[in-house]
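Biologist: Please take me through this structure, from its backbone geometry to its ligand. Start with how you assign secondary structure.

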Amino acid sequence: MLTKTQFLYYLQCPKYLWLYKNRKDLLEAEEDIGYKQAQGENVEYWAYQDYPDAIDCKTEGDIFTDINNTKNIISSSPQAVIQSSFFDGELFCRNDLLVRISEDEWNLIEVKATTKVEDIHIIDLAFQKQCLSSCGININKIYVYHVNNKYVRKGEINPEELISKEDVTDRVNFIEMSTRQKIKDALEFMKAYNDEPAVDIVKQCFNPYDCGFINYCWKNVPEHSVYDLSLKESDLRNLVKQGNLGIEDIPFNIITRENKKAYYQAYKIGKPIIDTYGIEEELSNISYPAYFLDYESYSPAVPLFDKFHPYQQMVFQYSLHRKESPDAPLEHFEFLSDNWINPLPSLLERLISDLRENGTIIVWNESFEKSRNKEMGEMYPKQREALKLINGRIYDLGTAFKKNYYVHKDFKGSWSIKAVLPVLIPELSYKELNIQGGSQASESYRELIDPSISPEKKESLKCDMLKYCELDTLAMVRILEAMEEIIRKRP
Ligand code: SF4
């Protein structure tokens, strides 16, 4: 049996399909799966609103129960069915929505939580069409229902405005023949390979999706490898063919990006490359009192509150450290919205008051905080001026690393705080925390504001979320101190 998901694995990398079929025990849990599923289900709920009488073919049983149930439902001439399952003896597909348009013709609708139709959706639909047609289901039109990112919530959700309906019939028909051939190839591949196929790792592991077998396939890739250098695909392919995976002996001239060149040089000389004058120049942008600010945000496909559009980053939490002078004690302020209400009115009031009127506001990757401030100012005109002034005070502490004034081989050419922190301040770690990343914090918010959460769970979640966000700003405090120390110790 070849499912449409497995077919997509095959197209990404034949070994992905092989491992999925034969070594599922090695499959890693997908990150953010809870978030993605929740977004998908939400969008499906609104996309199905046009067809309130559609019959759900999904059962509590296995896929064969679903297939039989679908057969029974289809034979009762329904107007529309959701989650129908078909198996033609080789191919299995599950369809989001089938809408009957005549005695023997249907429209096929795929619901996606994305904001546009992607090429992979067309391939997915071409697979479904082939499976359906060999099961005797004739398809007339094919649509992708996806999220309209121009929609702005005002009161109850308006599904007509939230969901964009794109006719992709021609696009699917255009690749029908080539998809048929690829399906044939995938089926032959499945029959031909009893043993694990040898596949060179080039750029397929993260495109179009993160593969679920990366830990397994990458286990022999050296700590510092050719994959860390953002090489051109042809150069990478050549090196991999030669079995040259370490960065030791690769020719310098094939590295094109400046940050990767610097990384390579730091690796080669075996110590960090530090431009203390560059760091000093950067730090001269900071005037005390210094504030260290970090936002946490949630970006649901279906906006939770008025004024928001799909996938808008809604800030629900911040952590703020403040230092009056370089040697002054550290103060901490924080905000976390923990109820099912739009967090922005109270968050903005507190934020503007906590940030007072002068002093540099230090963030990491300023485009995120600045964009949120700009959006919030557009949504709340009374606060616009204050947010504009805040943006004028923002300084990005990552700049010195972005400009390669401090290059360490373990940054691997990245200037993200998650790369810099463990090198500069190894004792400050997220490992002990229950929340270890922004996406986990974001998922926790959705759980936190759920009215059905127990008071105990709410308290412990709140505590975890506050600790996580506080560490984000404390990390910046410590990194700045480390940078100041470097300058102080300069001979
Ligand atoms: S990790 Fe990469 S090489 Fe391994 S199966 Fe996945 S895509 Fe293929």
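Modeller: Helices (H or I, at least four residues) and strands (E, at least two) are DSSP runs, numbered from the N terminus. The model is predicted, so local features need pLDDT of at least 70 and side-chain atom pairs 80 or more, while totals for chains, interfaces and linings use all residues. Residues are numbered from 1 along each chain as its sequence is written, and side-chain values use heavy atoms, without hydrogens and water.

Biologist: In which loop is Y311 found?

Modeller: Y311 is not a glycine, yet its phi is positive, at about 65 degrees. The residue belongs to the loop between β9 (290-298) and β10 (314-323).

Biologist: Which proline follows the cis peptide bond from N207?

Modeller: Omega of this bond is near 5 degrees. The proline lies in the loop that runs between α8 (176-192) and α9. The residue after N207 is P208.

Biologist: Where is P289 placed?

Modeller: The peptide bond from Y288 to P289 is cis, again with omega near 5 degrees. P289 has its place in the loop between α12 (276-283) and β9 (290-298).

Biologist: Which helix gives the most to the shell around the ligand?

Modeller: The shell (residues with a heavy atom within 4 Å of the ligand) consists of C13, K15, Y16, L19, I201, Q204, C205, C211, F213, I214 and C217. Two helices, α2 (14-22) and α9 (214-217), each supply at least two of these residues. With three residues, the top contributor is α2.

Biologist: Which domains each give at least three residues to the shell around the ligand?

Modeller: The protein chain is divided into domain 1 (2-192), domain 2 (204-270) and domain 3 (278-488), with bounds from an automatic or database domain assignment. At least three shell residues come from each of domain 1 and domain 2.

Biologist: What area is buried between domain 1 and domain 2?

Modeller: Taken over C-alpha atoms, the centres of domain 1 and domain 2 are 36 Å apart. Their contact (heavy atoms within 4.5 Å) takes eleven residues from domain 1 and 14 residues from domain 2. Carbon and sulfur atoms give 65% of the buried area (accessible area, 1.4 Å probe, lost on putting the two parts together, summed over both). The total is about 1100 Å².

Biologist: Which three residues supply 50% of the area that domain 1 buries against domain 2?

Modeller: No other three residues supply as much of what domain 1 buries there. One of them, Y16, is also among the residues around the ligand. The three are Q12, Y16 and E28.
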